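Here is a short, friendly briefing for a computational chemist. Please open the model and keep it in view as you read.

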Amino acid sequence: MKTKWIGSLAALVALIILSSLSSAALAAEKSYVFGKSDQRTNISFQSDTDFEVIVGTSVKSSGDVTADFEKETAKVNISVPVASLKTGIDMRDEHMRSPGWLDAAQFPSITFVSSSVKLMSGMSWEVKGMFTMHGVSKEIMTTAEVRQIPADAAIKAGLEPGEWIKVTAPFNVKLSDFGVKIPDMAAAKVNDTWKVTFTGYAVAGE
């Protein structure tokens, strides 16, 4: 009888330990990777003046988010190739990538690396970090919305297998802060401050 009781107690302890390990594994830090396909990135940027509105897009990104949602901690790094930026007019895109503007040959990527990520409420996170464009790095801050997408929901939504997150982050970029000078002939049509929205899906375990 005593042997059975000891055996049952040992089994119970083992079950508790396994449950704790499983819970810890579920709550562990995970890495989510951007750039699974062009369909999983949508970056928009816009310049507004009294004379012209320029709307551009990119569907290219790489990088990752490492997050522990239980501990409310995260870090992120993202890279976008300058050559992927498009405004709908080929000649304008060539100018944008030229040495007089973003200079894609010398500075092929626009990057962001977080220095601080803090949960504000619900799905809203305050994100600070270094934004680098045209060879110049400046700290920016944005409020990002981060949605967790479980594997079963991802399949139903047509995403590739795995757990996903969707990150949406709006922010402004002032060209002159990054050494980009708008030529006098284009000053009336191009705003120095561009409105940018990054929307990207990242998958875990890739």
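The notes below cover a pocket and some aromatic contacts. Please keep in mind that this is a predicted model. Its largest pocket holds about 990 Å³ of space, and a search of the whole structure turns up 6 aromatic pairs.

**The largest pocket**

- A total of 46 residues line the largest pocket, and those closest to its centre are Phe45, Leu85, Met133, Trp194 and Val196.
- By residue class, the lining of this pocket splits into 38 nonpolar, 4 polar and 4 charged residues.

**Phe131 and its ring partners**

- Phe131 pairs edge-to-face with Phe171, at 5.6 Å centre to centre and with 65° between the planes.
- This contact links distant parts of the chain, since Phe131 sits in strand β7 (residues 124-133) and Phe171 in strand β9 (residues 164-174), 40 residues apart.
- Phe131 has 6% relative accessibility, so it counts as buried; Phe171 is buried too, with a relative accessible area of 16%.
- Phe131 also forms an edge-to-face pair with Phe178, with 5.5 Å from centre to centre and 75° between the planes.
- Because Phe131 lies in strand β7 and Phe178 in the loop between β9 and β10, their pair ties together parts that are 47 residues apart in sequence.
- Both Phe131 and Phe178 are buried.

**A ring cluster**

- Tyr32, Phe69 and Trp125 are linked by ring pairs into a cluster.

Conventions:
Residues are numbered from 1 along each chain as its sequence is written. This is a predicted model: local features need pLDDT of at least 70, side-chain atom pairs count only at pLDDT 80 or more; totals for chains, interfaces and linings use all residues. Side-chain values use heavy atoms; hydrogens and water are left out. On a 1 Å grid over the protein atoms alone, a cavity is a set of points where a 1.4 Å probe fits but cannot get out, and a pocket is an open set with protein on both sides within 12 Å along at least five of seven lines; lining residues have an atom within 4 Å of a point. Grid points are joined across faces, edges and corners, and a volume is the space filled by probe spheres set on the points. Ala, Val, Leu, Ile, Met, Phe, Trp, Tyr, Cys and Pro count as nonpolar, Asp, Glu, Lys and Arg as charged, and the others, Gly among them, as polar. Rings of Phe, Tyr and Trp (its six-membered ring) pair if their centres lie within 6.5 Å; planes under 30 degrees apart count as stacked, over 60 as edge-to-face and the rest as tilted. Helices (H or I, at least four residues) and strands (E, at least two) are DSSP runs, numbered from the N terminus. Buried means under 20% relative accessible area, exposed over 50%, partly exposed in between (1.4 Å probe, protein chains only).
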